[in-house]
Amino acid sequence: MSLPTTAHSVLVALAEGGEHGGNHNSLNPAVTGGGALVVLLLLLWITTRFNRDR
């Protein structure tokens, strides 16, 4: 097998397996976004506690 033939077969196999959109079953966008929002609000609150001179 030559390198272009091997690369072609690998790319075809990857393309066929990518029909699911790349999303994992356990990733819920609402939970991920809500968790990120909570973390960012917590960091904002911590930052404002350390910056009391303003």
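Is S9 buried, partly exposed or exposed? I looked up S9 and found a relative accessibility of 35%, so I entered S9 as partly exposed (buried is under 20% relative accessible area, exposed over 50%, partly exposed in between, with a 1.4 Å probe and protein chains only).

I noted that the model is predicted, that local features need pLDDT of at least 70 and side-chain atom pairs 80 or more, while totals for chains, interfaces and linings use all residues. Residues are numbered from 1 along each chain as its sequence is written, and side-chain values use heavy atoms, without hydrogens and water.

I placed S9 in helix 1, residues 3–17. A polar atom of the S9 side chain lies 2.8 Å from the backbone oxygen of T6.

I counted two helices and zero strands in the protein (DSSP runs numbered from the N terminus: helices are H or I, at least four residues; strands are E, at least two).

I then turned to F50, which lies in helix 2, residues 29–50. F50 has a relative accessible area of 74% and is therefore exposed.

Finally, I recorded that buried residues make up 0% of the 54 residues.

Conventions
Polar contact = N/O pair within 3.5 Å; in protein donor to acceptor, adjacent residues only side chain to side chain.
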